[in-house]
Amino acid sequence: MCESGARLKFVKVHLDTRTVEESEFIQKDYGFFGGRGLVAKLLTEYCDPNCDPLGSDNPLIFTTGYFAGTALSSSGRLSVGAKSPLTGTIKESNAGGTFARRMVEQGLKVVMFLGQASDWTIVHVDDQGSFEFLDASEYKGMWNYPFHEAMVERYGDKVACASVGPVGEKLGRIGAIAVNEQGTNYPCRLCARGGMGAVMGSKKVKAFVMDRPEKPFRIKLDPDAAAEFRELNKVVTGAIRANPLTGQAMPLYGSAAGVDTTGKMGALPYKNFSGEFTPDWERLGTKMWRNRLLQHGGDGTIPCQAGCVVRCSNDFHGDDGEHLSSGIEYETVALMGPNLGIFDPQAVAALDRVCDDSGMDSIDAGNALAVMMDQGVLEFGDADGALEMLKSVVDDASEFGPTLRDGCAAVADRLSVLDQDGPVRVAVSKNQAFAAYDPRILRGYGLTWERGPQGADHTAGSAATYLKDMTPVQQADYSLAMNCSCDCCMCLFPWAAVTYNPEAKAALARMAGILAGMEEGPGPDMWLQNGMEILELEYAFNAKAGIDHDGDLFYGGKRNFMYNVPAQATKAAYWSIQDGEPPEAGGPAVDPSKVAQEAGENAGKTGEES
Ligand code: SF4
């Protein structure tokens with residue numbers, strides 16, 4: 001019989017009174033929910049959907065994936081959730097790094113921050129599992145890199161740290177929470193989307209920091225269950241290793257492997273999602289990244305968390321050979337690169353560093369800079385200007401900094417883009433900026449970004465194929481539900497490898513059943529069912545907050561350029577999910593699973609040449 005879950009703790013941290021309330025976390029009360037599912041369930045119970053996201057009534061939830069603490073690859077996922085100050089919707093944002101594993105080692109399943117502290121505070125859990133509230137005034141205003149160095153100095157290099165930088169402190173609505181990476185300790189794994197850093201800043205919590213406990217909690221199974229779990233885990237790990245993307249491309253190139261594929265198909269955003277093919281995308285393509293990393297003393301095969309077999313993170317060194325940035329992902333490469341007309345990897349890495357260091361979502365910030373360039377505030381290709389503009393987010397007296405830290409939609413509002421004639425060239429859905437996939441080419445993203453409960457998330461849409469036997473709404477919900485289950489369990493990349501492999505998908509479902517103490521089952525369809533339950537909770541929360549599907553259109557409604565400006569590759573604009581079936585003349589929809597497959601196969605062919 002499984003013993004997991006029952007002895008993990010649910011801790012409420014009352015910041016107003018500096019008290020802690022502990023109870024036992026009972027997993028069976030939450031089904032197969034972990035991560036995003038737990039956030040949805042707990043916000044439904046503890047959060048008034050009409051609360052002020054930056055007020056004291058908005059709880060901030062830290063929790064872990066369903067499999068956290070087990071040997072399942074890439075399952076040490078931290079989920080942070082609250083009502084979003086960016087989208088006004090329910091929100092969950094997740095990251096790898098050290099934190100989720102440390103929560104399990106500390107015996108913690110859920111830590112919910114309630115109320116607001118009166119002064120800047122570090123919430124620290126010591127090696128005996130005791131919570132303490134420390135004065136953080138000396139660290140106020142500190143950027144994430146020096147702050148994490150200070151925490152390593154104070155608590156040792158085994159510390160797990162989740163912090164806000166100055167953007168979160170200033171309640172910037174694209175403020176992120178930065179978690180240190182396994183091994184390197186760089187604060188480069190971000191719960192980036194939806195302003196969870198602003199919610200943490202509103203509570204005056206500079207950081208949540210945990211020591212390694214003297215007696216780490218371990219997930220325990222009885223011997224038979226443990227043996228079955230181990231065998232099934234081999235099937236899952238085998239599928240991850242056998243998949244061309246997670247087994248070949250990503251260990252070599254990281255998620256930047258996506259540049260080659262989207263570049264070739266015309267879905268790589270270029271100059272504020274102009275719809276044009278990106279010229280010379282190879283300048284930021286996979287071979288370049290790998291060679292650049294190796295030539296300057298960096299590394300491109302780093303596990304961001306213990307036990308990940310994909311190891312897609314990277315350590316980028318600048319021209320001077322010194323560390324410049326880490327964990328540079330496809331979305332950042334694309335949106336700080338070609339989408340700004342910038343093709344210099346050093347410049348892209350420098351922009352990524354500012355986002356990590358100041359604690360800001362690089363996706364939203366990249367899109368905001370692109371709108372500024374489109375509007376003539378900066379020139380496309382002006383890397384120095386973009387860097388200075390990005391740094392200005394911490395300068396309250398600067399012309400655009402305070403707006404930029406509120407994200408792309410805020411910048412568009414400030415520049416009165418809606419008052420201008422013609423298509424509205426702002427890549428935003430539900431106030432959150434697009435990830436780096438053009439929905440005129442990759443329709444799965446468009447569907448989920450319009451309909452999804454959390455805006456234009458980079459993780460939403462890649463789980464879907466363009467399923468011809470479903471209506472667009474059904475396709476979107478299918479995709480979103482699978483994404484919800486992914487965010488309950490493990491990192492998106494291996495999740496895709498597992499769920500596209502029927503044997504591994506079934507094995508993962510059975511592993512969930514073993515943890516739940518089931519003698520057999522559940523079947524692999526449980527992932528869709530589980531995700532649908534989460535999706536329903538999220539839609540219901542949003543409906544109570546006054547956000548329903550009538551608003552499922554991009555920024556500016558039908559005037560948005562996605563609905564009006566054809567992409568070069570398909571010679572068609574994106575139609576709206578609100579219009580029902582897409583026009584046949586819209587060009588071929590691209591199946592994201594095939595995109596991932598192709599990226600891996602390409603990398604497998606080219607890897608040895610690098
Ligand atoms: S696949 Fe990459 S991002 Fe995901 S857990 Fe592994 S190293 Fe981290």
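How far should the 12 residues of helix H1 span at 1.5 Å a residue? The expected figure is 16 Å, and the end C-alpha atoms of H1 (residues 35-46) are 16 Å apart, so the two agree. Keep in mind that this is a predicted model.

Let's stay with H1 for a moment. Its buried residues are Gly 35, Arg 36, Gly 37, Leu 38, Val 39, Ala 40, Leu 42 and Leu 43. What covers them includes strands E3, E4, E5 and E6, along with helices H17 and H20.

Some of those strands bring us to the sheet. It is an open one with 6 strands, running in the order E2-E1-E6-E3-E4-E5, and the pairing is mixed. Strands E2 and E5 stand at the edges with a single partner strand each, so one side of each has no neighbour in the sheet. From one strand to the next, the twist averages 15 degrees.

Here's where some of these elements sit along the chain:

| Element | Residues |
|---|---|
| Strand E2 | 19-24 |
| Strand E3 | 60-64 |
| Strand E4 | 78-83 |
| Strand E5 | 90-95 |
| Strand E6 | 108-114 |
| Helix H17 | 472-489 |
| Helix H20 | 526-544 |

Strands of a sheet pair through backbone hydrogen bonds, in either a parallel or an antiparallel way. For E3 and E6 the sense is antiparallel, over 4 bridges. Leu 60, for instance, has Phe 113 in E6 as its bridge partner.

Finally, which residues come nearest to the ligand? Of the 13 around it, they are Cys 304, Cys 308, Val 310, Cys 312 and Cys 491. Sorted by class, this shell holds 8 nonpolar, 4 polar and 1 charged residues.

Terms used: Residues are numbered from 1 along each chain as its sequence is written. This is a predicted model: local features need pLDDT of at least 70, side-chain atom pairs count only at pLDDT 80 or more; totals for chains, interfaces and linings use all residues. Two strands pair if DSSP finds at least two bridges between them. Helices (H or I, at least four residues) and strands (E, at least two) are DSSP runs, numbered from the N terminus. Axes are lines fitted to C-alpha atoms, for helices over the stretch in contact, and angles run from 0 to 180 degrees between N-to-C directions. A residue is near a molecule or strand if its C-beta atom, placed from the backbone, lies within 6 Å of it. Ala, Val, Leu, Ile, Met, Phe, Trp, Tyr, Cys and Pro count as nonpolar, Asp, Glu, Lys and Arg as charged, and the others, Gly among them, as polar. The expected span of a helix is 1.5 Å times one less than its number of residues. A residue is buried if 20 or more other C-beta atoms lie within 10 Å of its own, exposed if 12 or fewer, and partly exposed in between; C-beta atoms are placed from the backbone. Two residues are in contact if their C-beta atoms, placed from the backbone, lie within 7 Å.
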